[in-house]
Structures are given as structure tokens and as C-alpha cells.
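Today I am looking up what surrounds the ligand. I start from the model itself.

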Amino acid sequence: MRPLTRETTPPAALIGASAPLETGIVHLGLGNFHRAHAAVYTAQALAAEFGDWGIAGFANASRRVVDPLTAQDHRYSILQLSEHGAQAGVVDVHRSAAVLADDQSAFIAALVRPQHRILTLTISETGYSRSSRTGRLDLDEPAITADLADPQHPVSAVGLMALGLARRAEHGEPFTVLSCDNLQSAGHATRAVVTEFLEASGADADVLSYVESRVAFPNAMVDRIVPATTPATTDEVSALLGVIDACPVRAEDFSMWVLEDEFAGGRPAWDRAGAIMSDEVERYEVVKLRLLNGSHSLIAYLGGLDGQSTIPDAWRQPFIRDAVLAGIRTDYLPSIALPQGLDVDAYVESLTHRWANSALGDRTARVGSDGSTKLLQRIPAPAEHALKSGRVPHQLALTTAAWICAISPPAGFTPGSIADEMQDAARHRMVEATRGARGPRAHAIAVLNAGFLPDSLTAHAAFVDRVAELVDVIVRHGVRAAASDALRSSTSGSTVREEVR
Ligand code: CS2
């Protein structure tokens, strides 16, 4: 069997159209999500309306995708998996692939090229260098401190964007920075950190005014469940396409993209590829970040502590379904203003099918990774909403308690091998924060007091106490007992007992 290249791609397998050689889009974060989401929309948009919208891709630090992608003429396949079977298709919209860490100047040059009109980002929640406590640019993060000391040689994504835009201000061509990460008000959040960086680094007024008036940062809601590629992915693609793809992506058969139509220098016809242009994007973001992602975290942590390695296996456990559905009903939905026309019952129903997708086999360890930054988009705002209305958000407290037990287990508690697989850059800091804590409750309180969640949430003693209580139950009686304790409270609708500290 031959490797996947331009010559060997079966013509019928191409998704949408191939991009021209010219690139109008620079992308940072050449991982699986981008390749299964925005890249697919771009290929499909090009089939509907041709234009110079090839993608110049930059991986952050690893050659894992860049090398095979380059060897395959920048083509790769998507293996779409659902209960109805498997389908494979080939995407051909990338025109270059490079590793940022090898040569930051190539990335800066790409941002400055006038022909480039859009930067798309999939740098994960951590890439925006925001403080967990305040949500503003984290001036204490080592990469930001270093970049502010030497803004002409940045290494952080924020510092790189700031330098690229400052250089671009010299010719002044309009530009759009489009965040495709799971952030609330993603565009506003990106504009805020870039502007805060420019201000802190003493940028010229001309640069600040260029960024303010000529650079758009549309909000966007992105959605497609994209697990890690496995060796089986390559085999399944070979069986379907008859070629060997060294960097395929597996994904569910659902995809959604809702964007604000604010593009300073034009955009591909993404709307003709199924993307929704809306002026209610922030509402869509809230729905998705809370109902899908927030529930996903609960499934992952309860599942991980219960020994379930996949999301569908976890979802099959009645105690997890009950917890998730109670969380949606009592903690999340009351905090959400729905976009017009969204049928929320149908949306929740579709989530239950997506979580049950055993062909996809998404892993609890993937979803449970990086909770220290992901939970910030999922827990504090709805929890504060409930607390201010006099209700304890028991399922949000349970999510937080299970996260603590999985990532920073109290002394004497063994969370198991699945929790051990969950990656989190804050693990070490959490261990430091809890050193010397006596007992599970004190352990939980030490984490909550150490700035991993916003001060505005941890100021609520009722939330802190409930998390501490549930950590104690997990340690003494197990995760199932804690879930049934939280469910009893959710059903009885217990109210806040203590004032804000
Ligand atoms: C998941 C997301 O990693 C996570 O925590 O909740 O990656 C989720 O699969 C996507 O946001 C779905 O769009």
C-alpha cells in the first residue's frame, strides 16, 4: 500500500476542494481539533466559492504532525466515526507546515505578510496566558514575564501575536485574529490579552490604534469531539481509502461553528460550508461551554475515578448520567440565556448521543486533562449565578471535588491509573499548595484558596464547604457515594447556608 500523497489520493475521497498555492490564513496549533474542524470548513468553503484561502500551518513545538504532513503534500484524512459506521475523507487546504519553536521569526513573518488576512488559533485554554484568579493577562506567568522583558523575541502565543501585529501596523493592512478555542467571549478575551501585553510592553500609540481599529477579533463557538489519533486510526483509514496516512485524525460525525461575521480583511465562504454567522455568538458559547464541556468534565472525572477509561463507558454508568442530567437541569440551565431558536431539549438529547459514541471511543483521560484551565470556562460563572440566587450548585461542586481528587489526590487516596494519565500543568502547584494539609477537607480548602479558581467564586463559603465535604466523601466512601450525596442535594434543592466571605 502506498503513502497518502497528492498522487495517491482517490479523487472521490477529497472533502471539499483543494486550496490554491496562495495562503490567506495563518494557523497556530496544528493539532487534531483544527484539522478536523476549521480546516474541513475551509476545504468545503473553497468548493462553494474559490479564493486564496490556503492555510500556512504552525505547530507549537512538536514535529509529530508537521513531518508526516509535509511528506504527504500537506494532505491528511479524517476518519469520521458514528454508530452508523465509519467514513474517511481527505483534506487538502494546508500549503505549508512548520514548527513555531524551531523558528519564531517565520511565524512573525507570516503574520506580517499583507496577503495573509486571518490568523486562526487552536492553542488551548492555556495558550492565552490568563490569570485563573482575575481572567486578565497573567503577568506572573514565566513566559509572559520573559516576553515583556524582551518583546522583540517572544515565545508565548500572546507575545508572538503582539509582535506580529506591531510589525503589521507598519503597513496597516487589516487583519483578523480568530480564536477557535473553548473560551467564553473568545474574541474579546483574545483582544484583551493582546492589548494588555502591548500596553505592558510599552507599545507605540500607533500600534495600539492599529490593533483597535484595523484588527478584528470575532467571537466564535467551536464544536466537534476530536479524540487523539490511535494506531487503529491509520489501519481503519487504510482499509477505507487504500493508502497509508501517517497523520490521520479521528472525529465524530457532528460539527458546529458559530461566528460573528466581523472579518477585517475578508474570509472564506465558511457560511456556505455550514458555519453559522450570528450576532448571538456569546450565547452559543455559553450553551456549549456549560452544557457540553462542563458536563464533559463531570463525566471525565467521575468516570476516571470510577475506572472508566472512555467517555462512552463512563456515560453508560447510571450514576454518571444522573449526575450530568441533574447538573444540566439544576446548575447549568438556570444560568443560561438561550440564543433565539435553539431547541435546548433537542440540543441536550443530541449531547447524550454524542457522549454515547463508542465507535469514537473518546477517553476520560483526554477530557480530564488540563482541568486547571478548562474548568475556568465551565464552573465559576454558573456556580456564582446559582450562589447569588441562593442555591448551592451541587453538581458543579461535585465536578470540582472530583477534579481535585483526580489531579491532586489527598494523602491516602489513590485515584487510579486513569486519573494518573490526566495531564495538568498545575499538578505540581496543586501538590505544593496542599503540602501539610491535614485531612481531605483541609486539602480541598487549600486547593481552593490557592488561586486555581477565581476569587469571586472561592469567596462563597457555601461553595468551598460543599466542595470540601464532597472531597471528604470521595476519599472515605468513594466517588459513587459522593455522586449520590450530590444528587440527593440537587433533587432536594438545598439553599445557601453561609454568606460570601
Ligand atoms: C472537551 C473538549 O477537552 C475537553 O475538555 O470537553 O475537547 C470537547 O470534546 C470539544 O470542545 C467538543 O467540541
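My entries on the ligand site follow.

I work with a predicted model, where local features need pLDDT of at least 70, side-chain atom pairs count only at pLDDT 80 or more, and totals for chains, interfaces and linings use all residues. Residues are numbered from 1 along each chain as its sequence is written, and side-chain values use heavy atoms, with hydrogens and water left out.

I listed the shell first. Residues around the ligand (a heavy atom within 4 Å of it) include Lys-288, Asn-293, His-296, Val-367 and Arg-378. By class, I find two nonpolar, three polar and six charged residues there.

Next I looked up polar contacts, pairs of N or O atoms within 3.5 Å. A polar side-chain atom of Asp-223 lies 2.6 Å from a ligand oxygen. For Asn-182, an N or O atom of the side chain is 2.9 Å from an oxygen of the ligand. Arg-366 also has a side-chain N or O atom 2.9 Å from a ligand oxygen. Alone, the ligand exposes 340 Å² (Shrake-Rupley method, 1.4 Å probe), and the protein buries 93% of that.

Then I checked the domains, whose bounds come from an automatic or database assignment. Domain 1 (11–277) and domain 2 (281–499) both give residues to the shell, so the ligand lies between them.

Terms used
A polar contact is a pair of N or O atoms within 3.5 Å; within protein, one must be able to donate a hydrogen and the other to accept it, and residues adjacent in sequence count only if both atoms are side-chain atoms. Ala, Val, Leu, Ile, Met, Phe, Trp, Tyr, Cys and Pro count as nonpolar, Asp, Glu, Lys and Arg as charged, and the others, Gly among them, as polar.
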